[in-house]
Amino acid sequence: MKKQFLLALAFSFSLNGFAQTAPKWQEKMQELAAVLANLLPELASEKSDPKILEKNAKKLSELSHGIEMGRKKGNLIPPGDLDPSVMILSRKFAETSKQAYLAIHQEQLEYGKSLLKTVTTYCVGCHTRHENGPDFPFFPLDVRTEKLTPTERANLYVSTRQFDKGLIEFQKLISDENLAKTQPFAWGRNLRQALAIIVRVKQDSLLAETTIEKALKLSGVPDFEKEAILHWKKAIEKWKKEPASASTNDKTQSQLVKEMNRLNLEAQQAQSGPLDHVAEIQYLRTSAAAHDVLRVSKNPKVKAEALFVAGTSYESLATPNFWPLHELWYEACIRELPHTSLAVRCYNRLEESVYFGFTGSAGTHIPGDVEENLKKMKALAVAPSKPR
Ligand code: HEC
C-alpha cells in the first residue's frame with residue numbers, strides 16, 4: 001500500500017517535472033527565434049543599426065546563458081532528451097553570444113557581427129542531431145528575409161526548425177551551376193548541410209539519392225568533389241536496401257547501442273584516410289545514432305562510448321563552423337568515465353586533434369591555456385598512480 005502510494009507520488013512528480021520543463025524549454029526557444037529574426041537582417045545588411053544589434057546581442061547572451069545554467073542545474077531540459085551534447089553546445093553558444101555582445105558593446109561592430117553570424121551553427125547543431133523534435137512548417141517569423149543571402153535564409157529556416165523550407169532553399173543552391181563553378185567550396189558546404197538534414201533529421205534515403213543525383217548532373221562540380229559524391233551515392237544505395245527498422249523511439253537502449261556500433265563500423269570501413277570525406281553519409285548516420293543513445297542513456301559506460309563515437313563522427317565530418325567542437329565530446333567522454341581505457345582513447349584523440357589544430361608551417365605552438373586543459377584531461381584519463 002505504502003509502496004504503491006510512493007510510486008504514484010514519484011510518478012506524479014516526474015510527470016509534473018516533465019510538464020514543467022517542456023513548455024519552459026519551448027518558451028526559451030521561441031524567444032531565441034524572435035531574437036534571431038531581429039538580428040539576421042541587421043547581420044546581412046552592410047549598414048547595420050548598432051542599437052538594434054546591441055540590444056538583440058544582449059538579449060541573446062542573456063537567453064543563452066539562462067539556457068546553459070538551466071541545463072546545468074537540471075531544471076531546463078528539453079523534453080525526453082538527456083543528451084549531454086545539449087550541455088556542450090549550450091555552453092559554447094552562451095560563450096559566443098557573450099563575446100559577440102561585448103564586442104558590439106565596445107564598438108567593435110564588424111567583429112561582433114562576424115561572431116553573431118556563427119551563432120546559427122549552435123541552433124542548427126542542436127536541432128539536427130537526430131530525427132526527434134518538432135518540425136514547424138509555418139513558423140510565425142516576421143523577418144525581412146529579402147535582405148538575406150539564400151544560404152543565410154536556409155540557415156534561418158533550419159535554426160528555427162523549419163526543415164522543409166530550409167531544404168527548398170538548399171536544393172536551389174545545390175542546382176546552381178554558376179555557384180558550383182565559381183564558388184565550389186560554398187556550393188559543397190550547402191550540399192553537405194542539406195545532406196545533414198536529409199540523413200540525420202529526415203532519415204530519408206530516397207531524398208538523399210535524388211539530391212545526390214542532382215548534384216552529380218551539374219557540369220561545374222570539381223572532380224575531387226565528384227569523386228567524394230560518388231562514394232556517398234554508393235553508401236545511399238546500400239542504405240536503401242536495409243530492411244525497415246523500428247522507429248528509434250520504440251527501440252530499447254541495447255538496440256540503439258547495437259545500431260550505433262553497426263553504423264560506426266561501416267563508417268570506419270568505408271573511410272580510407274583519417275580525414276578524407278568519402279564516408280560522409282555513414283558518419284552522418286553514425287552521429288545521429290550516437291545522439292539517439294545519448295538521448296536516453298543514464299549508464300556512464302554506454303554514455304562514454306556514445307560520446308566517443310559522436311566525437312569521432314564530428315571530427316570526420318569536419319563541418320567548418322563546427323570545427324573543432326568535436327574535441328568537447330572527447331572531453332565529455334573523459335569526464336564521464338575517468339581513469340579507464342576508454343577515457344585514454346578519448347584523450348589520445350583529443351590530444352592529436354589539438355596538436356593538429358595548432359600546427360602550421362612554423363611548427364606546433366599550443367597556447368598555454370590549451371596546454372593546461374590538456375594536462376588536466378590527461379590526469380583525468382589515465383589511471384591514478386599508486387601511492388608509494
Ligand atoms: C543547446 C541546444 C539548442 C540550441 C543551442 C538551440 N536549440 Fe532550439 N531546440 C533545442 C531542442 C532540443 C528543441 C526541441 C525541443 C522539443 O522537442 O520541443 C528545440 C526547439 C526549438 C524550437 C521549437 C520550439 C517549440 O515551440 O517547440 C525553436 C523555434 C527553436 N528551437 C529555435 C532555436 C533558435 C533560433 C536557436 C539559436 C538562436 C536555438 N533554437 C538554439 C535545442 C537547442
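Modeller: Before we start, a residue counts as near a molecule if its C-beta atom, placed from the backbone, lies within 6 Å of it. Please keep in mind that this is a predicted model.

Biologist: Thanks! Which residues come nearest to the ligand?

Modeller: There are 24 residues around the ligand. Those that come nearest are Gln 26, Met 29, Pro 78, Cys 123 and Cys 126.

Biologist: And which element gives the most to the shell around the ligand?

Modeller: The elements that give two or more residues to this shell are helix 1 (2–44), helix 3 (84–105) and helix 5 (119–127). With seven residues, the one that gives the most is helix 1.

Biologist: How many residues of the shell around the ligand are nonpolar?

Modeller: Let's divide the shell by class. Seven of its residues are polar and two are charged, and the number of nonpolar ones is 15.

Biologist: Where does the ligand lie with respect to domain 1 and domain 2?

Modeller: Look at who gives residues to the shell: domain 1 (15–127) does, and so does domain 2 (136–242). The ligand therefore lies between domain 1 and domain 2.

Biologist: Now to the helix pairs. Is helix 12 roughly parallel or roughly antiparallel to helix 14?

Modeller: Helix 12 (residues 253–270) and helix 14 (residues 300–317) have axes 11 Å apart and pack at an angle of about 30°. Angles under 35 degrees count as roughly parallel. So helix 12 runs, with respect to helix 14, roughly parallel.

Biologist: Which residues of helix 14 make the contact with helix 12?

Modeller: From helix 12, the contact takes Gln 253, Val 257, Met 260 and Asn 264. By class, this contact has five nonpolar, two polar and no charged residues. On the helix 14 side, the residues are Val 302, Ala 306 and Val 309.

Biologist: Are helix 13 and helix 14 roughly parallel or roughly antiparallel?

Modeller: Helix 13 (residues 280–296) packs with helix 14 at an angle of about 155°, their axes being 9 Å apart. Angles over 145 degrees count as roughly antiparallel. Helix 13 and helix 14 are therefore roughly antiparallel.

Biologist: Is the crossing of helix 15 and helix 17 left-handed or right-handed?

Modeller: Helix 15 (residues 326–336) and helix 17 (residues 368–381) pack at an angle of about 40°. Glu 331, Ile 334 and Arg 335 of helix 15 meet Met 377, Leu 380 and Ala 381 of helix 17. The crossing of helix 15 and helix 17 is left-handed.

Terms used:
Residues numbered from 1 in each chain as written. Predicted model: local features only at pLDDT ≥ 70, side-chain atom pairs only at ≥ 80, totals over all residues. Helix = DSSP H or I, 4+ residues; strand = E, 2+ residues; numbered from the N terminus. Nonpolar A, V, L, I, M, F, W, Y, C, P; charged D, E, K, R; others polar. Domains from an automatic or database assignment. Axes fitted to C-alpha atoms, helices over the stretch in contact; angles between N-to-C directions. Parallel < 35°, antiparallel > 145°, perpendicular 65-115°, else oblique. Contact = placed C-beta atoms within 7 Å. Left-handed = near helix turned anticlockwise from the far one by under 90°.
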